[in-house]
Amino acid sequence: SNRIIMAPMTRCRAGGEVYDVPQQVSATYYAQRAGAGLIISEGSQISQQGVGYPATPGIHSAEQVEGWKLVTDAVHKKAGKIFLQLWHVGRISHPDYHNGELPVAPSAIKPAGEATTFSGMQPFVTPHALEIDEIRAVVEDFRNAATKAKQAGFDGVEIHGANGYLIDQFIRSGTNQRTDEYGGSLENRARFLLEVAEAVVSVWGAGRVGVRLSPSGTFNDMSDSSPEETFSYMAGQLNRFGLAYLHVVNALSGDIRHGADVVPLSLLRDAWSGLLITNGEYDKERANVEISAGLADAVSFASSFLANPDLPERFSADADLNIPDFDTFYVGGENGYTDYPTMEAA
């Protein structure tokens with residue numbers, strides 16, 4: 001209905017016995033924002049191995065499917081459309097989430113920084129480098145999660161290949177130092193992404209699957225020796241599937257502060273033949289400029305949509321926007337989640 005996309009945003013509001021099941025409050029939150037042309041849900045781990053943050057929802061159990069049905073039913077009652085983002089954090093995790101076992105990654109390279117756990121911030125650990133059979137098992141976890149997303153009533157899924165999580169770790173040379181068929185050359189570093197895409201498309205069909213990439217991202221201690229070459233190649237290889245869209249996260253101000261090697265959006269636009277969604281600290285004016293210039297077909301908004309459940313209506317009316325309250329982004333509960341006012345209520 002419009003080119004205003006709700007970006008995936010971790011909100012840490014899941015509940016249940018192990019805090020990984022969507023609750024009724026999340027159904028309210030997403031339904032409030034059903035005016036988006038498309039909602040892309042917060043990242044949802046495809047397995048327990050994929051967990052890296054407290055109170056994030058999964059999509060690998062029957063209980064999670066039922067929790068997500070609350071969300072999809074509520075969004076569809078408001079005539080909205082919603083994709084589920086399929087997520088595996090890889091090395092950006094901690095043994096606390098895995099009964100003392102190590103997180104996994106393409107290579108045993110410890111990220112800088114700290115993991116967020118239920119007991120507070122803890123230093124990252126050196127991850128376990130996945131064996132070939134373990135990689136294939138993770139691909140099957142993506143396929144299983146895609147199937148459960150269909151059972152939960154979603155309209156499609158987005159594969160999270162961005163922001164320094166597992167797929168991104170395979171793509172980039174800074175985190176992938178393998179010498180087998182999953183490392184080294186661009187062809188090999190693309191293999192995991194393409195196998196995941198093939199598995200997910202086998203469940204949904206290509207027109208209901210998107211992929212998210214962050215070519216310029218430095219978040220989670222990420223780097224690549226030649227990002228323009230790497231991500232042009234990845235986008236070109238994804239053309240084979242006829243996907244619903246490619247979702248590109250542009251260089252953020254934090255990436256630039258950390259010395260990002262910025263990949264121009266035009267480079268991805270040239271390499272990718274399908275619909276392109278762009279993301280990254282956009283306002284209405286900049287979004288319209290890039291759509292008019294043909295650099296993107298739609299723009300996704302994160303904190304602006306978080307704080308403005310009626311963002312499309314506000315853009316249409318050139319109305320003032322609510323200011324996001326960062327202190328309530330990840331704290332749980334309704335505060336800073338479902339209590340942002342609409343224009344009518346303000």
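Here is a quick tour of this structure, from its core outwards to a few residues worth a look. Keep in mind that this is a predicted model. Its largest nonpolar core has 80 residues, and a second, separate core has 8 residues. There are also 9 salt bridges, and a strand, β8, whose 5 residues are all buried.

**The nonpolar cores**

- The residues with the most contacts inside the largest core are Leu86, Phe192, Val200 and Leu238.
- Helix α5 gives this core its largest share, with 12 residues.
- A second core stands apart from that one, and among its 8 residues are Ile5, Leu38, Ile277 and Ala298.
- To see what surrounds phenylalanine 192, set aside the residues up to four places away in sequence: it then touches Ile135, Val138, Val139, Phe142, Leu166, Ile167, Phe170 and Tyr182.

**Strand β8 and its partners**

- Strand β8 covers residues 156-160, and because 5 of its 5 residues are buried, the strand is largely enclosed by the rest of the structure.
- Both of its faces are covered: Gly156, Glu158 and His160 are buried on one side, and Val157 and Ile159 are buried on the other.
- Strand β3 (residues 82-87) runs parallel to β8, and 4 bridges join the two.
- In that pairing, leucine 84 sits opposite valine 157 of β8.
- Strand β9 (residues 209-213) is also joined to β8 by 4 bridges, again in parallel.
- Here glutamate 158 is the residue that faces glycine 210 of β9.

**Salt bridges**

- Side chains of opposite charge can pair when their charged atoms come close.
- The salt bridge count for this model comes to 9, and three of them are picked out here, starting with lysine 69 and glutamate 66.
- Lysine 69 and glutamate 66 have their closest N and O atoms 3.2 Å apart.
- These two are about one helical turn from each other, because they lie 3 residues apart in helix α2 (residues 62-77).
- Lysine 69 is partly exposed at 29% relative accessible area, and glutamate 66 is partly exposed too, at 46%.
- Arginine 286 and glutamate 290 form another salt bridge, at 3.8 Å from N to O.
- Both belong to helix α9 (residues 284-292), where they are 4 residues apart, or about one turn of the helix.
- Arginine 286 is partly exposed, with a relative accessible area of 31%, whereas glutamate 290 counts as buried at 14%.
- Arginine 314 pairs with aspartate 310, and their closest N and O atoms are 2.8 Å apart.
- Both arginine 314 and aspartate 310 are buried.

**Arginine 178, a buried loop residue**

- Look for arginine 178 in the loop between α4 (166-171) and α5 (186-204).
- With a relative accessible area of 11%, arginine 178 is buried.
- Its side chain reaches the backbone oxygen of proline 106, at 2.7 Å.
- Beyond its neighbours within four places in sequence, the contacts of arginine 178 include Ser107, Glu131, Ile135, Phe170 and Gly184.

**Aspartate 141, a helix residue**

- Aspartate 141 is part of helix α3 (residues 132-151).
- Its relative accessible area is 24%, so aspartate 141 counts as partly exposed.
- Ignoring neighbours within four places in sequence, aspartate 141 is in contact with Ile46 and Ser47.
- Valine 196 is 55 residues away from aspartate 141 in sequence, yet their C-alpha atoms are 9.2 Å apart in space.

**Two residues with positive phi**

- Most residues other than glycine have a negative phi.
- Asparagine 220 isn't a glycine, but its phi is positive, at about 65 degrees.
- You'll find asparagine 220 in the loop between β9 and α6 (227-238), and at 10% relative accessibility it counts as buried.
- Glutamate 281, also not a glycine, has a positive phi near 60 degrees.
- Glutamate 281 lies in the loop between β11 (276-279) and α9, and it is exposed, with a relative accessible area of 53%.

Key:
Residues are numbered from 1 along each chain as its sequence is written. This is a predicted model: local features need pLDDT of at least 70, side-chain atom pairs count only at pLDDT 80 or more; totals for chains, interfaces and linings use all residues. Side-chain values use heavy atoms; hydrogens and water are left out. Buried means under 20% relative accessible area, exposed over 50%, partly exposed in between (1.4 Å probe, protein chains only). A polar contact is a pair of N or O atoms within 3.5 Å; within protein, one must be able to donate a hydrogen and the other to accept it, and residues adjacent in sequence count only if both atoms are side-chain atoms. Contact means heavy atoms within 4.5 Å. A salt bridge is a side-chain nitrogen of Lys or Arg within 4 Å of a carboxyl oxygen of Asp or Glu. A nonpolar core is a set of buried Ala, Val, Leu, Ile, Met, Phe, Trp, Tyr and Cys residues joined through side-chain atoms within 4.5 Å. Two strands pair if DSSP finds at least two bridges between them.
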